[in-house]
Amino acid sequence: MGVPKFFRWLSERYPAISMLIAESRIPEFDSLYLDMNGIIHNCTHSDSDSPTFRMTEDQMFIAIFNYIEHLFGKIKPKKLFYMAVDGVAPRAKMNQQRARRFRTALDAENAKEKAIQQGLEMPKEDAFDSNCITPGTEFMQKLTQQLKYFINKKISEDTDWQGVEIVLSGHEVPGEGEHKIMEYIRCSKAQPNYESNVRHCLYGLDADLIMLGLLSHDPHFCLLREEVTFGRQVSKKPKELEHQNFYLLHLSMVREYLELEFQELEQEGVLDFPFDMERVIDDFILMAFFVGNDFLPNLPNLHINEGALALMFKLYKEVLPKMGGYINEQGVINVQRLGMLVEALSGVEHRFFEAENSDAQWIKSKKNDGSLELQQKPKELTLTPAQKDILKTVKKYVLNRSDKASEPLDLPPTLPARDRSFVERLADELRLSWSSIDNENGDRFMRLQLPQSQSDGDDEDDEDEEASMAVHRIIRKYEKAKVQEMTPEEAQEAAEKKYDAKFHEWKDNYYRSKFGWGLDNQEEMKKLARNYVQGLQWVLFYYYRGIASWPWFFQYHYAPMISGEWHCIPDFILLLTID
């Protein structure tokens, strides 16, 4: 999921969860974990990605050491200091990394060409390629050796480092840094002498760390990261460490806000099974996958910045009492309950379909500039027999205007709603004023009134003639209309059928534009559904247990649409045979 978007969502929805670190406000921590790749990227290339920026490897290594030392000095862990460098990632992550690195290389090449065109003098030294920050490269081998030297030097010279267990998991150890950290925590918790009141602090830039910290279910877990700023910055702040502000995100406070968010589920009689906040948090983690993560694309039309998480909260609270239990059963998906939640979410697609269809109709109307290819065929006018009778009554009234100009025409109060709409439309075209009035019994009826003539002299005859011609023209149009009888139920059924056909066409266009096949290709639909549900289970296993399958990956660039049958896969064994 998007790091800035998710962090911003948390800050806006729960403004008190982030605190600016001051020296006197930092609590004591037993453990400090560093996701090293964020530090490595910060210390090896500038934020501006200037094509003229150069750093030597020695300068990079020194900057990394200073950053580590600075974070250690801020947190001052008492028992454990764990540094994790990204090792080889599972294939599901490699696909995303490959695309990102191609884009990085292309951006660097474009920036260099632009600088040369502007006449900038390029340094003779080759620019640092950030793609070197990859397991197995020569740069990472040198960095690992330098880190080992740095750690040995600090342990031998710095008394603060001597009483702490130091662990370095280098690039040669498989797995992403944050997941190696969580694997270490899981193994520690499995030990018989583990203290449940341990205070953890985890540094990293990835929004997934919030989810990983929550699923640990430890009461004292904080995330440390640089200050996050949103919007356009007036002045660029210096990047030096002494000017860098840090934020401490207390996950215990996030947990408290989530308890307030779902407190209504705890009321007596709401659930027919025991309420467990830890299980609700597990379901929250699963719901967050729907807005996208490093391994799966977000479900169509579900975006954090468009209120997707708040909507899922609302629907989850409505659906959970009907589920009979929780969706995420300690890292294993209950497919039937997942289907109930996704079925409730399908209404999102109808909302976006209606919005997009409305926009399309508006654009088409604006494109109608008189050219033959853009002119649409006018819709055929149809009337019911009852409306035909109403037309005759109104026609008699308006054509006898000389005798009854001041008398209104009252229609019976028994007119159904669709006939009232017809009368309103007809009256507007004939320039008749209409109103809805109560009779002596309290029943409302429609009253039509001819307009009063405000002209005098010779112009009055001309205006009367023009008005009479216009009236005859409008009446002839309605008299030529096709008479078609349809009951309200039939009209509703026809409207729903047309809506469903348009919605089916809208969904079909999505699949054809993204995958090259439509809804009629049941075999491909089944493959996509199977692969996506497997992906949800794979990610849950990755978070809760570790890597279930190294070669597995999501084989598509886009997720299936929410509405449909993909979430009702009955063969649960599919989830357990990921490889």
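This dialogue reads selected features of a predicted model.

Reader: What average pLDDT does the protein chain have, and which share of the residues scores at least 70?

Author: The chain averages a pLDDT of 81, and 80% of the residues score at least 70. Two stretches call for caution. The pLDDT is below 50 over residues 18–24, a stretch that has 19 contacts in the model beyond near neighbours in sequence. It also stays under 50 over residues 369–377, for which the model has 6 contacts beyond four places in sequence. Where pLDDT is low, the predicted coordinates should not be read in detail.

Reader: How many helices and strands are there in the protein chain, and what percentage of its residues count as buried?

Author: The chain holds 20 helices and 14 strands. It has 579 residues, of which 43% count as buried. The exposed surface comes to about 31800 Å², with carbon and sulfur atoms supplying 49% of it. Among contacts with a separation of 6 or more, 76% are between residues 24 or more positions apart.

Reader: How does the span of helix H7 agree with its number of residues?

Author: Start from the rise of 1.5 Å a residue. Helix H7 covers residues 177–189, which makes 13 residues, so a span of 18 Å is expected; the C-alpha atoms at its ends lie 19 Å apart, which agrees.

Reader: Which residues of H7 are buried?

Author: First the general point. An α-helix has 3.6 residues a turn, so residues three or four places apart point the same way. In H7, the buried residues are Gly 177, Glu 178, His 179, Lys 180, Ile 181, Met 182 and Ile 185.

Reader: Turn to the strands. How many residues of strand S6 are buried, and which way does S6 run against strand S5?

Author: Strand S6, residues 221–226, is mostly covered, with 6 of its 6 residues buried. S6 runs parallel to S5 (residues 200–203), and 4 bridges join the two. One bridge partner in S6 is Phe 221, which pairs with His 200. With strand S7 (residues 246–250), S6 pairs in the antiparallel sense over 5 bridges. There, Leu 223 stands opposite Leu 249 of S7.

Reader: What is the strand order in the open sheet of 3 strands, and which strands are at its edges?

Author: The order is S11-S13-S12, and the pairing is antiparallel. An edge strand pairs on one side only, as do S11 (409–410) and S12 (433–438). Helix H16, residues 417–429, packs on this sheet and touches S12 and S13; its direction makes about 15 degrees with that of S13.

Reader: How many bridges join S11 to S13, and how many join S12 to S13?

Author: S11 pairs with S13 (residues 444–449) over 2 bridges, in the antiparallel sense. The partners can be named: Leu 409 is matched with Leu 448 in S13, and Asp 410 with Arg 447. S12 and S13 also run antiparallel, joined by 6 bridges. In that pair, Ser 433 stands opposite Gln 449 of S13.

Reader: What do S12 and S13 form, and which residue in the turn has a positive phi?

Author: S12 and S13 form a hairpin with 5 residues between them. The residue is Gly 442, whose phi is about 85 degrees.

Methods:
Residues are numbered from 1 along each chain as its sequence is written. This is a predicted model: local features need pLDDT of at least 70, side-chain atom pairs count only at pLDDT 80 or more; totals for chains, interfaces and linings use all residues. Side-chain values use heavy atoms; hydrogens and water are left out. The expected span of a helix is 1.5 Å times one less than its number of residues. Buried means under 20% relative accessible area, exposed over 50%, partly exposed in between (1.4 Å probe, protein chains only). pLDDT is the predictor's confidence in each residue, from 0 to 100. Contact means heavy atoms within 4.5 Å. Accessible areas come from the Shrake-Rupley method with a 1.4 Å probe; for residues, only the protein chains shown count as cover. Two strands pair if DSSP finds at least two bridges between them. Axes are lines fitted to C-alpha atoms, for helices over the stretch in contact, and angles run from 0 to 180 degrees between N-to-C directions.
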